[in-house]
Amino acid sequence: MGKNQPKQSPNTKLSLLLQRHLKDKGISSSKLATECSLEPSTISRIINGYGNNGNPYTPTMETIMLITRVLELNEEESTELFFAAFPHFPLWITAIHNNLNLYQTYELMEKNGYSTLTKP
């Protein structure tokens, strides 16, 4: 990313949710990392919203699953954290429920401001 280009905003919702769950469970981010067998920097990136390169950081699905298990989040809390990490997923659910084909799903994603990697 060039120096004159503004950075995208970090995922504030994910950061705030994770921080709230850590506080509610009385666990530090470093302890969470240890219990998830993750590097402390991974949890830090989620909380800060940025990776080493200064670009917005998106954790993997596996990382979010580990976090929800270690924090013993219920289904609603897990879903909220998952959708905060991957905000486009509810659109896929909508597409499935409305029997949209892949092209229609991509149109729905673009209409809602989400980029697609490929087009059918």
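## Close-up views of a predicted all-helix chain

**View 1. The length of helix α1 in the predicted model agrees with what its residue count suggests.** Helix α1 covers residues 12-25, and at 1.5 Å a residue these 14 residues should span 20 Å, which agrees with the 20 Å that separates its end C-alpha atoms in the model. The model shown in this and the following views is a predicted one. Just after α1, Gly26 takes a positive phi of about 65 degrees.

**View 2. Helix α1 has buried residues and, on its other side, exposed ones.** Leu14, Ser15, Leu17, Leu18, His21 and Leu22 are the residues of α1 that are buried. Around the axis they cover an arc of only 170 degrees, which puts them on the same side of α1. On the other side of the helix, Lys13, Leu16, Lys23 and Asp24 are exposed. The packing partners of the buried residues of α1 are α2 (29-36), α3 (40-48), α4 (61-70) and α5 (75-85).

**View 3. The whole chain is shown as a run of helices.** The chain has 7 helices and 0 strands, and from the N terminus on its elements follow the order α-α-α-α-α-α-α. Of its 120 residues, 33% count as buried, while the chain exposes about 8,000 Å², of which carbon and sulfur atoms supply 50%. Among the contacts in the chain with a separation of 6 or more, 50% are accounted for by residues that stand 24 or more positions apart.

**View 4. Phe82 and Phe89 form an aromatic pair.** A search of the whole structure finds 5 aromatic pairs. In the pair formed by Phe82 and Phe89, the rings lie 5.4 Å centre to centre with 50 degrees between the planes, and the pair is tilted. Phe82 is buried, with a relative accessible area of 18%, and Phe89 also counts as buried, at 19% relative accessibility; for both residues the cut-off for buried is under 20%. Ring pairs link Phe82 and Phe89 with Phe83 and Phe86 into a cluster.

**View 5. The rings of Trp92 and Tyr106 form an edge-to-face pair.** The centres of these two rings are 6.2 Å apart and their planes stand at 85 degrees, so the pair is edge-to-face. Trp92 lies in helix α6 (residues 89-97) and Tyr106 in helix α7 (residues 102-111), so the pair ties together parts that are 14 residues apart in sequence. Trp92 is partly exposed, with a relative accessible area of 27%, whereas Tyr106 counts as buried at 12% relative accessibility.

**View 6. Ser44 is shown in helix α3, together with Ser30.** At 33% relative accessibility, Ser44 counts as partly exposed. Along the chain, Ser44 and Ser30 are 14 residues apart, and in the model their C-alpha atoms are separated by 8.6 Å.

**View 7. The N-terminal stretch, residues 1-8, has a pLDDT below 50.** The chain as a whole averages a pLDDT of 87, and 88% of the residues score at least 70. Over residues 1-8, however, the pLDDT is below 50, and beyond near neighbours in sequence this stretch has 7 contacts in the model. Where pLDDT is low, the predicted coordinates should not be read in detail.

Notes
Residues numbered from 1 in each chain as written. Predicted model: local features only at pLDDT ≥ 70, side-chain atom pairs only at ≥ 80, totals over all residues. Heavy atoms only, no water. pLDDT = per-residue confidence, 0-100. Contact = heavy atoms within 4.5 Å. Helix = DSSP H or I, 4+ residues; strand = E, 2+ residues; numbered from the N terminus. Expected span 1.5 Å × (residues − 1). Buried < 20%, exposed > 50% of the residue type's maximum accessible area, 1.4 Å probe, protein only. Arc of directions from axis to C-beta. Phe/Tyr/Trp six-rings, centres within 6.5 Å; stacked < 30°, edge-to-face > 60°. Areas by Shrake-Rupley, 256 points an atom, 1.4 Å probe, with all protein chains shown as cover.
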